[in-house]
Amino acid sequence: MSCIHNSPLPCFSASSSSYPRRNRCASFKPRIHCALGGTVAEPKSTTSTEPLLLNAVRGEDVERPPVWLMRQAGRYMKSYQIICEKYPSFRQRSENTDLVVEISLQPWNVFKPDGVILFSDILTPLSGMNIPFDIVKGKGPIIANPISEAAQVEQVREFVPEENVPYVGEALTILRKEVDNEAAVLGFVGAPFTLASYVVEGGSSKHFSKIKRLAFSQPQILHALLQKFTSSMARYIQYQADNGAQAVQIFDSWATELSPVDFEEFSLPYLKQIVESVKRTHPDLPLILYASGSGGLLERLASTGVDVVSLDWTVDMAEGRRRLGADIAVQGNIDPGVLFGSKEFITKRINDTVKKAGKGKHILNLGHGIVVGTPEENVAHFFEVAKGIRY
């Protein structure tokens, strides 16, 4: 999983011959009290053969918290670095069905996480929406023509995933067969405000001055753009679910650049629309919402109607659990930097986080993606300890 890509680069479709084809056949009764007085809803007993992650999110009785890591497929792995040497373009790697499957499965083959997330990027849909972009090594995403006027918004097309990103559906279908319910296959999308931030700013930003200028001086233009992203991302989630995703994470990485009152205007209504649209067609699909630096917005994130709120490491897990309440699951939230520590330190932080989260409705994860340069052996230790936990 990465965070962005599309432009005048050559397109590597699912049928590209640049990569060899794969073989495609291929009971606890009382309520649990957390630290600081928070509670977790009583787990429900189950004999389900569904993946542990899905059972945990639904509040069923599980023996341990499921675990996966954001950016678990990526540059810290030697096997991924080898693929990058052969296929240096991110788009080349993320728009070829076979490469997407292979990269997605790399951490599964080594660590056996409880979630296998699609290797892709939140900006992957942009090309299908008539927004050319690229990812430049060392610079990040570059939007060819940043949006600032109503006429440009009118040129943005609704996203049709079946036509624009068929390799995503193909990859998810193969992943479901490969993983075979031993773990949950996860999809993901970018949230409307975060996508709008990239296309208005022209890429990554430090101060978000362009999108805030648009929001506060010509809000109707931004709202029109946000609405297009909203309908498109709802459709994209439905497409991912129809092709094998068993849960989908929504990344609203830049929404926390907004004040609470502006979040309520420019992000919250659109997140609610997405959740409502998806739940009408896929009522049992777990939706996870992640926004880094979201400590000031936790209650608002929960009000979107998602099933899981993913906490970053700046929020104490016990406090986050208390603020969110018993009915919503939580994910996280170990500092990615902990993986640079000793094995004893990593073990201590895992146990502390699990204890604060309480029994059930918790997905163990980092509070952000794995950092480049993280020792692979420390990631292995993380999974070993996490999977050895018992409530």
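Q: Which residues does P219 touch, not counting residues up to four places away in sequence?
A: First, some ground rules: this is a predicted model, where local features need pLDDT of at least 70, side-chain atom pairs count only at pLDDT 80 or more, and totals for chains, interfaces and linings use all residues. Residues are numbered from 1 along each chain as its sequence is written, and side-chain values use heavy atoms, leaving out hydrogens and water. Touching means contact, that is, heavy atoms within 4.5 Å. With that in hand, P219 touches L214, E265 and F266.

Q: How far apart in space are P219 and F266, C-alpha to C-alpha?
A: P219 sits in helix α10; helices here are DSSP runs of H or I with at least four residues, strands are runs of E with at least two, and both are numbered from the N terminus. Along the sequence, P219 and F266 are 47 residues apart. In space, though, the C-alpha to C-alpha gap between P219 and F266 is 8.9 Å.

Q: Does L225 count as buried or exposed?
A: L225 is also found in helix α10. The labels go by relative accessible area with a 1.4 Å probe and protein chains only: buried is under 20%, exposed is over 50%, and partly exposed is in between. P219 has 25% relative accessibility, so it counts as partly exposed. L225 has 1% relative accessibility, so it counts as buried.

Q: Which residue is 69 residues from L225 in sequence and 8.0 Å away in space, C-alpha to C-alpha?
A: Leaving aside neighbours within four places in sequence, L225 is in contact with I147, V153, V156, A196, V199 and V200. One of these contacts fits the 69-residue separation and the 8.0 Å C-alpha gap: V156.

Q: At roughly what angle do the axes of α7 and α10 cross?
A: An axis is a line fitted to C-alpha atoms, for helices over the stretch in contact, and angles run from 0 to 180 degrees between N-to-C directions. Helix α7 (residues 166-179) and helix α10 (residues 219-242) have axes that come within 8 Å. P166, V168, G169 and L172 in α7 meet Y236, Y239 and Q240 in α10. The two axes cross at roughly 35°.

Q: How many residues does α7 have, reaching 20 Å from its first C-alpha to its last?
A: The expected span of a helix is 1.5 Å times one less than its number of residues. For α7, the reach of 20 Å is close to the 20 Å expected. Its residue count is 14.

Q: What does the sheet's strand order look like?
A: Two strands pair if DSSP finds at least two bridges between them. The pairing in this open sheet of 7 strands is parallel. Its edge strands, each pairing on one side only, are β3 (115-117) and β11 (362-366). From one edge to the other, the order is β3-β6-β7-β8-β9-β10-β11.

Q: Why is β6 described as largely enclosed by the rest of the structure?
A: On one face, A184, L186, F188 and G190 are buried, and on the other, V185, G187 and V189 are too. Strand β6 is largely enclosed because of its count of buried residues: 7 of the 7.

Q: How many bridges pair β6 with β7?
A: β3 and β6 pair in the parallel sense over 3 bridges, with V116 opposite V185. β6 also pairs in the parallel sense with strand β7 (residues 247-251), where V248 is the bridge partner of G187. The number of bridges between β6 and β7 is 5.

Q: Which residue shares a 2.8 Å side-chain polar contact with R64?
A: R64 lies in the loop between α1 (52-57) and α2 (78-86), and counts as buried because its relative accessible area is 7%. A polar contact is a pair of N or O atoms within 3.5 Å; within protein, one must be able to donate a hydrogen and the other to accept it, and residues adjacent in sequence count only if both atoms are side-chain atoms. The partner of R64 is D114.

Q: Which residue's backbone oxygen lies 2.6 Å from a polar atom of the side chain of T374?
A: T374 is placed in the loop between β11 and α16 (376-388). Its relative accessible area is 3%, so T374 is buried. Beyond four places in sequence, T374 touches Y76, L339, F340 and V379. The backbone oxygen at 2.6 Å belongs to V371.
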